[in-house]
Amino acid sequence: MQKFSTLAFAAFLLLGSASAGRAQAIVSGFMAGKGHGSVSLSGTTESYTNVYLAPEKIDVVPIFQEVRVNSLNLYATYGLTDKIDAIVSLPFIQSKGRAPGTVINDLHALYSDQGYTNVRQGLQDVNALLKFKAYSREIGSSILDLLGVVSFSTPVSNYQTNTGYGYIIAIGNRATKYSTAGVAHLKTASGVFATAQVGYSLRTGLVPHALIGEAKVGYAGPKTYLEGYAAFQESNGGTDISQQGFTGFFPSTRVNYVRLGASGYRPLSKGFGLTLGVSTYVAGRNIGKSTGYSAGVSYNF
């Protein structure tokens, strides 16, 4: 089973290159090992011209013709013991709305006292996570691991979440989040693996709490790491944009989604490696139908 340790770090690095601005993967099923870890810097670009609203998808973004989100994410993981990993990430996000010049000029005039801009950027939320292996069992030539996860995230800059449709290009909802999850991870002698996880996220303020989860299958070989996944979020309560009960306070909206994605990792030399990824939303509620592409570099130790 030694081959799993060769590219186990790829699982962490691909999390670091996930879309920091919107829906980031939860955790990997692999453990780093005591004294081992990785650091990665990745970039993601995503855009959308359609929006999932209630009760159906619409082929236009309110105010803007297109919204584009670019992000850089610094991500690090470290094995405190063979059964406990610490993970931290910090994204910088730029969100921009594209619209005809007359629309932007009108918005500048309407919100001149607020310094309106169709570009918002800054550091978003720092994320800190502890993952621990609670149970491990051999099943033939395969290994089943059960893991627990607790995490915390909070804003690190004074980014804006003004009410009104300008929130469409906000880089976050300024909520502090407390989350926990359970993970089942099966890895085979051939390198094929499957991971399933489900958790719950408590959010402060009027941001709805949410059930979150992910299913993943992949291959971790001596020189290649590949994975495909489906992730979801189901909000507990909240309002729908422009529907009854909506007050214009966007952070309180009910945000649901199903997102599909694929990622890959290739080691280069002396601990360095390259990650690539793509993801897209295939269903949702009060969220843009975006497709994103990511790339990153990493160092494993």
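The following legends describe close-up views of a predicted model.

**Figure 1. Overall composition of the predicted protein.** Two helices and 16 strands are assigned in the protein. Of its 301 residues, 48% are buried. Among contacts with a separation of 6 or more, 64% are made by residues 24 or more positions apart. The exposed surface of the protein amounts to about 13,600 Å², and carbon and sulfur atoms supply 60% of that area.

**Figure 2. The largest nonpolar core, with Val61 as one of its members.** This core contains 18 residues. Tyr48, Val61, Phe64, Val67 and Ile168 have the most contacts inside the core. With residues up to four places away in sequence left out, Val61 touches Tyr48, Thr49, Asn50, Val51, Val67 and Ile168. Tyr48, Val67 and Ile168 thus appear both among the residues touched by Val61 and among those with the most contacts inside the core. In soluble globular proteins, nonpolar side chains tend to be buried together.

**Figure 3. A second nonpolar core.** Separate from the largest core, a second core comprises nine residues. Its members include Tyr75, Ile87, Leu129 and Val149.

**Figure 4. The hairpin formed by strands β4 and β5.** Strand β4 spans residues 66-79 and strand β5 spans residues 84-98. The two strands run antiparallel and are joined by 14 bridges. Four residues form the hairpin connection from β4 to β5. Within this pairing, Asn73 has Pro91 of β5 as its bridge partner.

**Figure 5. Pairing of strand β5 with strands β6 and β7.** Strand β7, residues 125-139, pairs with β5 in the antiparallel sense over six bridges. At one position of this pairing, Val88 stands opposite Ala128 of β7. Strand β6, residues 119-123, also runs antiparallel to β5, and five bridges join the two. Here the bridge partner of Phe92 is Leu123 in β6.

**Figure 6. The surroundings of Val258 in strand β13.** Val258 lies in strand β13, which covers residues 256-267. The relative accessible area of Val258 is 32%. Because buried residues have under 20% and exposed residues over 50%, this value places Val258 in the partly exposed class. Beyond residues up to four places away in sequence, Val258 touches Ala231, Phe232, Thr280, Tyr281, Val282 and Ala283. Ala230 is 28 residues from Val258 along the chain, and the C-alpha atoms of the two residues are separated by 7.0 Å.

Definitions and conventions
Residues are numbered from 1 along each chain as its sequence is written. This is a predicted model: local features need pLDDT of at least 70, side-chain atom pairs count only at pLDDT 80 or more; totals for chains, interfaces and linings use all residues. Side-chain values use heavy atoms; hydrogens and water are left out. A nonpolar core is a set of buried Ala, Val, Leu, Ile, Met, Phe, Trp, Tyr and Cys residues joined through side-chain atoms within 4.5 Å. Buried means under 20% relative accessible area, exposed over 50%, partly exposed in between (1.4 Å probe, protein chains only). Contact means heavy atoms within 4.5 Å. Two strands pair if DSSP finds at least two bridges between them. Accessible areas come from the Shrake-Rupley method with a 1.4 Å probe; for residues, only the protein chains shown count as cover.
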